[in-house]
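The exercises below ask you to work through a structure step by step. Try each task before you read its solution.

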Amino acid sequence: MSPDRAASIRAAILDWYRANARELPWRGTRDPYAVWISEVMCQQTRVDTVLPYYARFMARWPTVEALAAADDDDVRAAWSGLGYYRRAQLMLKAAREVVSQHQGRFPDDADGLLALPGFGRYTAGAVAAFAFDRPRAAVDGNVTRLVARLEALEGDVMQGSGAQAVWRAAEALAPGASPGDVAQGLIEVGALVCTARNPRCGACPVAEACKARAQGAVERIPAPRKRATKKAVALTAVLWLDGGRVLLSRQPEAGLFASLWCPIFLEGHLEPDGAADEALRAHRLDPGPLTSTGQVRHVLTHRTLEIHVLRASNKAPRRLPEGMAWAPLDALTEWAIPSVTARCLDAALDRAERAKIRLTRRETRRTPAAQGSLPGLE
DNA sequence: CAGTCGTGGGG
DNA sequence: TCCCCAAGACT
């Protein structure tokens, strides 16, 4: 990219950003910790979803020292429902590294940041640019799309040589005045204007410079990402409820829902009065009679979990197998559970029980406006 | 490099 | 209902 073209695009992005940027809680701070938390939460996650999580997280762990001293399960619980839970684990590891090996100060440029767990090329560039005002590129999905269109890059820009070309162009845009605002501006234009569907080219500050637009190729560029094939997985979830508590089982430290608490998952769709009962006895559990209470279809990136939900109500056994625990329903927000656990639990409860729990469950999990029901009803 | 790892919103 | 996908990183 020619220096003139880069300067022109940079100036247009900067002007537009200063006039149109959304006010977000992590904007207007140079605190690398705050910037970092927001960046990790935003990975593959919509801003609207992140907002309540970010507020709670920063209130509870306002500094890297506080986070470094946090309990792993408390952090997982704070992440509950956000998905991609390994992010939280790597974040905790990085916080401890910053405190123990960097005197609590983040490295002030991308190379140093890149060495920390959970910092990839994007996050390192973003923190370097936003917090330290370094002239670094921060190429996320938004910037990839924007740059691919600006330069009319054909083919797959998500990986390989296509991704390299995007980074090269983004790095050409980085040097100059206010690099932090330029980097955020590129992201913001990608997020609000140069959108994947129905891009608002009429409102775009760099429409004049856009090669895809000149070629009438905006709809075609970037080429759609190759998507993973989803495999259906049949499971049976056993929700054992007793005395206002539910029996949960901790997942292994690696893999799906790592270290989180889930219902007892059995492979396959098992009959309540036969195979399911047998499988539980293999866990040395006597759940008593099982009743089928519904089904949950939970879609993940590479799998679709098709879950048959069974409910057990026998009296709690004296001793539980390793890795299992009783979770009080009125304290479930303090437990590290993925959304699928909450959904299975919902499916196992009757309406009255659900209503009771809803009063105590965190209402910010969903935006109130999205509920569609009036307050006081229900 | 290709597979793994969540969730919820919107067309 | 289905499909796309959103401020990616790690193995």
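**Exercise 1.** Decide whether F119 is buried or exposed in this predicted model, and then work out which parts of the chain its pair with W36 ties together.

*Solution.* Begin with the accessibility: F119 has a relative accessibility of 5%, and because buried means under 20% relative accessible area, F119 counts as buried. Next, turn to W36, which is also buried, with a relative accessible area of 1%. The rings of W36 and F119 lie 5.6 Å apart, centre to centre, with 15° between the planes, and since planes under 30 degrees apart count as stacked, this pair is stacked. Finally, place the two residues: W36 belongs to helix 2 (residues 32-42), whereas F119 lies in the loop between helix 7 (110-114) and helix 8 (121-132), so the pair ties together parts that are 83 residues apart in sequence. Ring pairs also link W36 and F119 with Y33 and F106 into a cluster.

**Exercise 2.** Classify the aromatic pair that W240 and W326 form.

*Solution.* The centres are 5.7 Å apart and the planes make an angle of 80°; because an angle over 60 counts as edge-to-face, the pair is edge-to-face. Both W240 and W326 are buried.

**Exercise 3.** Find which side-chain and backbone atoms lie by base nitrogens of DNA strand B.

*Solution.* Take the side chains to start with: a polar atom of T301 lies 2.6 Å from a base nitrogen, and one of R46 lies 3.3 Å from a base nitrogen. Then add the backbone, where a polar atom of L82 is 3.5 Å from a base nitrogen.

Methods. Residues numbered from 1 in each chain as written. Chains lettered and ligands numbered in written order. Predicted model: local features only at pLDDT ≥ 70, side-chain atom pairs only at ≥ 80, totals over all residues. Heavy atoms only, no water. Polar contact = N/O pair within 3.5 Å; in protein donor to acceptor, adjacent residues only side chain to side chain. Phe/Tyr/Trp six-rings, centres within 6.5 Å; stacked < 30°, edge-to-face > 60°. Helix = DSSP H or I, 4+ residues; strand = E, 2+ residues; numbered from the N terminus. Buried < 20%, exposed > 50% of the residue type's maximum accessible area, 1.4 Å probe, protein only.
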